[in-house]
Amino acid sequence: MSHSCWKYEVRQISKKKKKDRKILCYGENDRVKFAFEGAKIALPVFIDEYSKECDRKTVIENKVISLVTIEIAIMTVFMPIIPFGSISKFLFDDSNSIVIATTFACIFLCIGIIIMAVSFGILMSAVNIQTYSKVDIEKLDLEENLTQDVNSVEKGLCDHYKEITLANSALNDKKANKYKIGLPLTIFSFWSMVLGTILLKLL
């Protein structure tokens with residue numbers, strides 16, 4: 001093999017290696033470029049779910065506060081109506097039927113007041129439940145985040161929205177469960193107090 005032919009083959013091999021290196025580099029850059037490409041599609045979904053949980057929070061809190069207001073109104077209305085002064089007189093009446101009716105009326109009133117107090121405590125614990133998670137805007141302004149590529153930033157936002165949405169959803173579930181417990185208790189205590197008051201009024 002001549003010296004010129006050997007140089008030609010070396011140049012060809014060198015060109016081939018450079019070409020392979022370029023293809024490899026392009027593949028790595030391409031992989032980085034398209035990493036987390038789906039984040040741009042997922043991010044609006046996470047933001048929407050976060051907004052829904054915020055709206056759900058408002059709805060649940062309004063229901064809880066409304067029920068608390070109703071309980072306060074019930075107690076405010078019923079307490080002056082209940083003839084507490086006549087209870088002792090009825091209990092020591094000569095008629096057994098009046099004594100029995102008064103006893104049942106007192107039982108209904110006591111049960112109603114106690115259950116109303118329990119329901120009120122449950123609902124107030126729902127109102128005073130811990131604060132909700134919000135978007136950490138301070139992290140968004142960090143230089144280390146702003147210098148990343150768009151897809152990586154969107155992926156980070158997806159993770160952040162997922163975390164705070166799940167946390168808020170758990171808090172909403174707790175409030176909703178407390179409301180579900182408080183509502184039937186309020187209804188039961190209301191009718192119990194109504195029956196007790198009616199019995200005393202009929203005596």
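This passage describes the helices, burial, side-chain pairs and surface of a predicted model.

The model is predicted, and local features were therefore accepted at pLDDT of at least 70 and side-chain atom pairs counted at pLDDT 80 or more, whereas totals for chains, interfaces and linings use all residues. Residues are numbered from 1 along each chain as its sequence is written, and side-chain values rest on heavy atoms, with hydrogens and water left out.

The protein contains seven helices and zero strands, and its elements accordingly read α-α-α-α-α-α-α from the N terminus; helices (H or I, at least four residues) and strands (E, at least two) are DSSP runs, numbered from the N terminus. Of the 203 residues in the protein, 27% are buried, where buried denotes a relative accessible area under 20%, exposed one over 50%, and partly exposed the range in between (1.4 Å probe, protein chains only). Among contacts with a separation of 6 or more, 92% involve residues 24 or more positions apart, a contact being defined by heavy atoms within 4.5 Å.

Helix α4 comprises the 32 residues 96–127, and its end C-alpha atoms lie 46 Å apart, in agreement with the expected span of 46 Å at 1.5 Å a residue; this expectation is 1.5 Å times one less than the number of residues in the helix. The buried residues of α4 are A101, T102, A105, C106, L109, G112, I115, M116, S119, I122, L123 and A126. These buried residues of α4 pack against α2, α3 (84–91) and α7. Helix α4 also contributes to the surface, as it gives the most to a nonpolar patch, with four residues. The patch, of about 460 Å², is made by I100, F104, I107, I111 and F188; patches consist of residues with over 30% relative accessible area and no salt bridge, like charges being joined within 9 Å and nonpolar side chains (Val, Leu, Ile, Met, Phe, Trp, Tyr) within 5 Å. F188 is found in helix α7 and is partly exposed, with a relative accessible area of 48%. For the protein as a whole, the exposed area is about 13,800 Å², of which carbon and sulfur atoms supply 65%; accessible areas were obtained by the Shrake-Rupley method with a 1.4 Å probe, and for residues only the protein chains shown count as cover.

A search of the whole structure identifies seven salt bridges, each defined as a side-chain nitrogen of Lys or Arg within 4 Å of a carboxyl oxygen of Asp or Glu. R56 takes part in a salt bridge with E53, at an N to O distance of 3.3 Å, and in another with D173, at 2.6 Å. The R56 and D173 pair links distant parts of the chain, with R56 in helix α2 and D173 in helix α7 (residues 150–202), 117 residues apart. R56 and E53, by contrast, both belong to helix α2 (residues 39–81) and are three residues apart, about one turn of the helix. An α-helix has 3.6 residues a turn, so residues three or four places apart point the same way. The three side chains are covered to varying extents: E53 is buried, with a relative accessible area of 12%, while R56 is partly exposed at 28% and D173 is partly exposed at 35%.

Within helix α7, K155 and D159 form a further salt bridge (2.9 Å, N to O), and these residues are four residues apart, a separation of about one helical turn. Both K155 and D159 are partly exposed, K155 with a relative accessible area of 28% and D159 with one of 39%. In addition, D48, E49 and K52 are linked in a network of salt bridges.

The structure also holds two aromatic pairs, for which rings of Phe, Tyr and Trp (its six-membered ring) must have centres within 6.5 Å, planes under 30 degrees apart being classed as stacked, those over 60 as edge-to-face and the rest as tilted. One of these is the edge-to-face pair of Y50 and Y161, with 5.6 Å centre to centre and 75° between the planes. Because Y50 lies in helix α2 and Y161 in helix α7, this pair ties together parts that are 111 residues apart in sequence. Y50 is buried, with a relative accessible area of 13%, and Y161 is likewise buried, at 12% relative accessibility. F190 and W191 form an aromatic pair that is also edge-to-face, with 5.2 Å centre to centre and 70° between the planes, and F190 is partly exposed at a relative accessible area of 27%.
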